[in-house]
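Please find below a colleague's note on the structure under review. It is arranged as numbered points, to be read alongside the coordinates.

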Amino acid sequence: MDWHPASVSLRNGRYYVVMTVPREARAAVKGQAQVRVAANTTDRAIAEKRRFELEGQLRQRVLEAVGKHRLAERESRYQRAVKLLHLADKPYDHVYEPEFCDVVERTFSELPETPDQAKQAIHEMERLVFELQELDRRPADAAGFLEMYERFDGPPPSAEDASASVEAAKRELSATFGLGGDVLRLKAMLTRFEQTLELRVRQGDIKQKTAKARIRHIHQFIDLVGDLPIDEVEAKHAYAFAQRLSEEHGNSTIKTRVSDISTMLEEAVRTGDLKRNPFVGLKLSGYGAKRQNYAPLSDDLLHHLFSIPKLPDEIRDLWAILVCTGMRVDEVALSFVRQVKEQDGILYFDLQGAEVKTRSSERRVPICGIVAPLVRGLLMGKQPTDRLFDFPIKAGGKSRASEKCGYWMKKVDLNRLSGDPKARYTTHSLRGTFKDKMRDAEVGLEVHNAILGHDLHTVAAGYGRGPSLRVMKAAVDKAPHPYLDWIPGAVGTLAG
């Protein structure tokens, strides 16, 4: 779920901790957009100290409501077990009703409301499974079979099917009502781990989009293997997850996602909930497609791209900036006006402190003279807090620029035009094109790596601040871009 941090709010002279309910959970809490709990103090400082603990209570309240809401769904594991075992009209508990001044039966068609009722429901389901198992052990017991036949108004389910269905319902009830004693399961661990990640985001240890992606990948893992007790997770589950991902993803993506699950298991080791991390030492090199490098684009291919009929201005302008700077798609597509700065007459993108891929990606990227007029045009009439482009943003924080660029790039058969049917052309190819242009212009490795945000992985790279903005600007101005002759007022090398 997409949890938002709780806040402290003053109401009638007392402080409360208030939390926004994730959209997907609101139906379970009768449509409420927010939930709150009293901090039991009139001192804001004390309320702030209690905020994290109370936020955990609010989350647990929402999760319990979500669990109960799921139990009521027709296809829930609980409802499936009730249907398979013909239990809808059978009682599992007796409850005193003040309205009737009497004890009334609670049937399986009425959901459990408390942990004790959930335990009673589980007990009754398990008792029926035991009877079916006993019947399997006594195949000659005609009277017993007839009794079971009448109970089910037809052939009863097999003991194996009934047992599997009840175990699934039991897991669902246990997760909803917190049954199972001290057994820590994956979903409960994930709830705690989400809070750890949020704290790390607030401390600046990791970025928000990294935390969200990690949570999303752990959910994918749990969907595959089930809500296992955390001490029952084994290496085989990692390999099963890797195998499933192999159907769609390459090896590097698989390693990243398995590593994300491993970080939660490592946290469980740190807190003492797990003796060792079973995902340490995995051999995943054989899973997924081998990485295929992006093919750079020749000037001729770029001419074809920029000449696509009805090419939207936003795509044309984005491609022009990408091929002239070597920046990644979202580094440009998500940039704000305030990130375009000028120093000593040099226009540049300031990615220092921005949401970028790696630490080395936090850099300054000079804008060459050819594309500078285009960038200045994009700035006109906008406020510092406005974005340079208006590409929609997805739930994970990435823009939809990559998909839009891919759509328009497919308008040109680049493989046919290049004569290489196996080449991999994507928007990222513009970054490789820029790198090749820097090599062709005999720009030094340290300089164009600094522009691209690549780590040199050398001892020397740890000293000094790297190439100056002036040196990097001189480097980007060396590259020819003859396919950008449509930019009015362009200054620099257009035709090499």
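The points below take up aromatic pairs, surface patches, backbone angles and one long separation.

1. Status of the model. The coordinates are those of a predicted model. The values quoted in this note are computed from it, and residues are numbered from 1 along each chain.

2. Aromatic pairs. The structure contains 10 aromatic pairs. One of them joins F221 and F241, whose ring centres lie 5.4 Å apart with the planes at 85 degrees. Because an angle over 60 degrees counts as edge-to-face, the pair of F221 and F241 is assigned to that class. The two residues belong to distant parts of the chain: F221 sits in helix 7 (residues 208-225) and F241 in helix 8 (residues 235-245), with their positions 20 residues apart in the numbering.

3. Burial of the F221 and F241 pair. Are these two rings buried or exposed? F221 has a relative accessible area of 1% and is therefore buried. F241, at 3%, is likewise buried. The cut-off that matters here is 20%, since residues under that value are classed as buried.

4. A second edge-to-face pair. Y407 and W408 also form an aromatic pair, with 5.4 Å from centre to centre and 90 degrees between the planes. The two partners fall into separate accessibility classes: Y407 is partly exposed at 49% relative accessibility, whereas W408 is buried with a relative accessible area of 15%.

5. An aromatic cluster. Which residues are linked into a cluster by ring pairs? The members are F306, W319, Y483 and W486.

6. A positive patch. On the surface, R70, R77, R171 and K187 form a positive patch. Of these residues, R70 is located in helix 1, which covers residues 44-72. Its relative accessibility is 41%, so R70 is counted as partly exposed.

7. A nonpolar patch. F145, L146 and Y149 make up a nonpolar surface patch, and together they present about 290 Å² of accessible area. Y149 is placed in helix 4 (residues 142-152). With 36% relative accessibility, Y149 is partly exposed.

8. Positive phi at N40. Although N40 is not a glycine, its phi is positive, near 55 degrees. The residue is found in the loop between strand 3 (34-38) and helix 1. N40 is exposed, because its relative accessible area of 56% is over the 50% cut-off.

9. Positive phi at D344. Where does D344 lie? D344 is in the loop between strand 6 (340-343) and strand 7 (346-350). It too is a residue other than glycine with a positive phi, here of about 55 degrees. At 74% relative accessibility, D344 counts as exposed.

10. A490 and D386. A490 lies in the segment after helix 18 (469-476). Its relative accessible area is 24%, so A490 is partly exposed. The C-alpha atoms of A490 and D386 are 25 Å apart, and the two residues are separated by 104 residues along the chain.

Definitions and conventions. Predicted model: local features only at pLDDT ≥ 70, side-chain atom pairs only at ≥ 80, totals over all residues. Heavy atoms only, no water. Patch = residues over 30% accessible without salt bridge, like charges linked within 9 Å, V, L, I, M, F, W, Y side chains within 5 Å. Areas by Shrake-Rupley, 256 points an atom, 1.4 Å probe, with all protein chains shown as cover. Salt bridge = Lys/Arg side-chain N within 4 Å of Asp/Glu carboxyl O. Lys, Arg positive; Asp, Glu negative; His and termini not counted. Charge placed at Lys NZ, Arg CZ, Asp CG, Glu CD. Helix = DSSP H or I, 4+ residues; strand = E, 2+ residues; numbered from the N terminus. Buried < 20%, exposed > 50% of the residue type's maximum accessible area, 1.4 Å probe, protein only. Phe/Tyr/Trp six-rings, centres within 6.5 Å; stacked < 30°, edge-to-face > 60°.
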